[in-house]
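Here is a friendly walk through one protein model, from single side chains to the overall fold. Keep the structure open beside the text as you read.

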Amino acid sequence: MPGKRKRKLKSLRDTITDSRRAATEAENENLELQTWSDLPTELLESILTRLSLDDNVRASVVCKSWHSVATALCMVNQSPWLMYFPKFGDWYEFYDPVKRKTYSIELPELSGARVCYTKDGWLLLYRPRTHRVFFFNPFTQEIIKLPRFEMSYQIVAFSCAPTSSDCILFTVKHVSPTVVAISTCYPGATEWTTVSYQNRLPFVSSIWNKLVFCNGLFYCLSLTGWLGVFDSAERTWNVLSVPPPKCPENFFAKNWWKGKFMTEHEGDIIVIYTCSSENPIIFKLDKMLMEWEEMTTLDGVTLFASFLSSHSRTDLPGIMRNSVYFSKVRFYGKRCISFSLDDYRYYPRKQWHDWGEQDPFENIWVEPPKDFVGFM
């Protein structure tokens, strides 16, 4: 009996070993049969986004799957670039988050100036010492001067490119809790126009206010989360009776009011709240119910958040969609910090940043011209 049991056990072990060997051989055979065309789409996108246009065309003829991804990438929108303002000197860095590539260029025209806002590839800048205000396009290096103006908080926005006849500039400053002074200007004007308005609700302006232009209206998010609206055509001002977005108690920590960002997408006003190591919370203004609605998905949209102006984009490479890209780069300038709503985590892992501690004038997202490949 013991001999038969040993033979049965040996036979069972041999059967298991043979099964494992057969499975391993089958797996190896499958791996050998796999080709470059079997690469996962997201990995292939990550590779092809780093190629130049010429190399992208060459890659598109490898096989059908590569052609599909390469063609789709050629049709994606241009991502904003992150522009860094140096503490000293005239050399500026631009970071392309799609190709993860950094460019450096000398811009002596910006010496002594602080960035205030950006839209349509143009920067709005202010020289505190001389009160000079001017537009500058870093890609064409064009300059458009504006009348001198003393900005208390240097929080100012403009509606569209200064080359358009519809361009208008807007800034707001509180005179008292219930009175604000709104100043406007436009390219070609000889002076700024300032008018005082009464508020039904208290509104306090500061360097941490957020501005965005949407459908003919300037929206201004105050230090404490109240939303003021200025109609540039009717020249009316109103503080909406919309309570500030509701956040968990652990968000109200040191400098909680600083880590906020605001942008617009297809007519929607979107606010991003951050707080130290907590995951960001994103809200959209429901204009019908007049309340802030928390968003659990961006439906493929990509947000680019910086203190002075933020942007939204659609049709970017798949790995960038449904995410918020922040104005900080890690790993020797190779990767931008982002937060994925799909995975509900930061990338790179645990690379969150205390945005409330960041210098608001250190960097800003700026939109390069379509098909712009880089500085020569």
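Thr-274 counts as buried, because its relative accessibility is 5% and the cut-off for burial is under 20%. In this predicted model, Thr-274 belongs to strand 17, which covers residues 268-275. What does the side chain of Thr-274 reach? Its partner is the backbone oxygen of Gly-259, at 2.8 Å.

**A contrasting residue**

Glu-150 sits in the loop between strand 7 and strand 8 (156-158). Is Glu-150 buried or exposed? At 57% relative accessibility, Glu-150 counts as exposed. Leaving aside residues up to four places away in sequence, Glu-150 touches Tyr-126 and His-131. Val-133 is 17 residues from Glu-150 along the chain, and the C-alpha atoms of the two are separated by 9.0 Å.

**The salt bridge**

How many salt bridges does the structure hold? There is one, and it is formed by Arg-313 with Glu-367. The closest N and O atoms of Arg-313 and Glu-367 are 2.7 Å apart. Arg-313 lies in strand 21 (residues 311-313) and Glu-367 in the segment after strand 25 (363-366), so the bridge ties together parts that are 54 residues apart in sequence. Both partners are charged residues on the buried side of the cut-off: Arg-313 is buried at 16% relative accessible area, and Glu-367 counts as buried at 13% relative accessibility.

The table puts the accessibility values of these residues side by side.

| Residue | Relative accessibility | Class |
|---|---|---|
| Thr-274 | 5% | buried |
| Glu-367 | 13% | buried |
| Arg-313 | 16% | buried |
| Glu-150 | 57% | exposed |

**The nonpolar cores**

In soluble globular proteins, nonpolar side chains tend to be buried together. Here, the largest nonpolar core has 75 residues. Which residues have the most contacts inside this core? They are Met-83, Leu-124 and Trp-237. Strand 5 (residues 122-127) supplies the largest share of the core, with five residues.

Met-83 is a good place to zoom in. Not counting residues up to four places away in sequence, Met-83 touches Tyr-92, Glu-93, Phe-94, Leu-107, Leu-110, Leu-123, Glu-362, Asn-363, Ile-364 and Val-366.

Apart from the largest core lies another core, of 18 residues. Among its members are Phe-261, Leu-298, Leu-303 and Tyr-346.

**The sheet around strand 5**

Strand 5 also takes part in an open sheet of four strands, ordered 4-5-6-7 with antiparallel pairing. Which strands form the edges of this sheet? Strand 4 (114-119) and strand 7 (142-146) do, each pairing on one side only. From one strand to the next, the twist averages 25°.

Within the sheet, strand 5 and strand 6 (residues 132-137) are antiparallel and pair over five bridges. To find this pairing on screen, look for Leu-125, which stands opposite Phe-134 in strand 6.

**The whole chain**

Stepping back, the protein has four helices and 25 strands. Of its 376 residues, 48% count as buried. Taking contacts with a separation of 6 or more, residues 24 or more positions apart account for 49% of them.

Terms used. Residues are numbered from 1 along each chain as its sequence is written. This is a predicted model: local features need pLDDT of at least 70, side-chain atom pairs count only at pLDDT 80 or more; totals for chains, interfaces and linings use all residues. Side-chain values use heavy atoms; hydrogens and water are left out. A salt bridge is a side-chain nitrogen of Lys or Arg within 4 Å of a carboxyl oxygen of Asp or Glu. Helices (H or I, at least four residues) and strands (E, at least two) are DSSP runs, numbered from the N terminus. Buried means under 20% relative accessible area, exposed over 50%, partly exposed in between (1.4 Å probe, protein chains only). A nonpolar core is a set of buried Ala, Val, Leu, Ile, Met, Phe, Trp, Tyr and Cys residues joined through side-chain atoms within 4.5 Å. Contact means heavy atoms within 4.5 Å. Two strands pair if DSSP finds at least two bridges between them. Axes are lines fitted to C-alpha atoms, for helices over the stretch in contact, and angles run from 0 to 180 degrees between N-to-C directions. A polar contact is a pair of N or O atoms within 3.5 Å; within protein, one must be able to donate a hydrogen and the other to accept it, and residues adjacent in sequence count only if both atoms are side-chain atoms.
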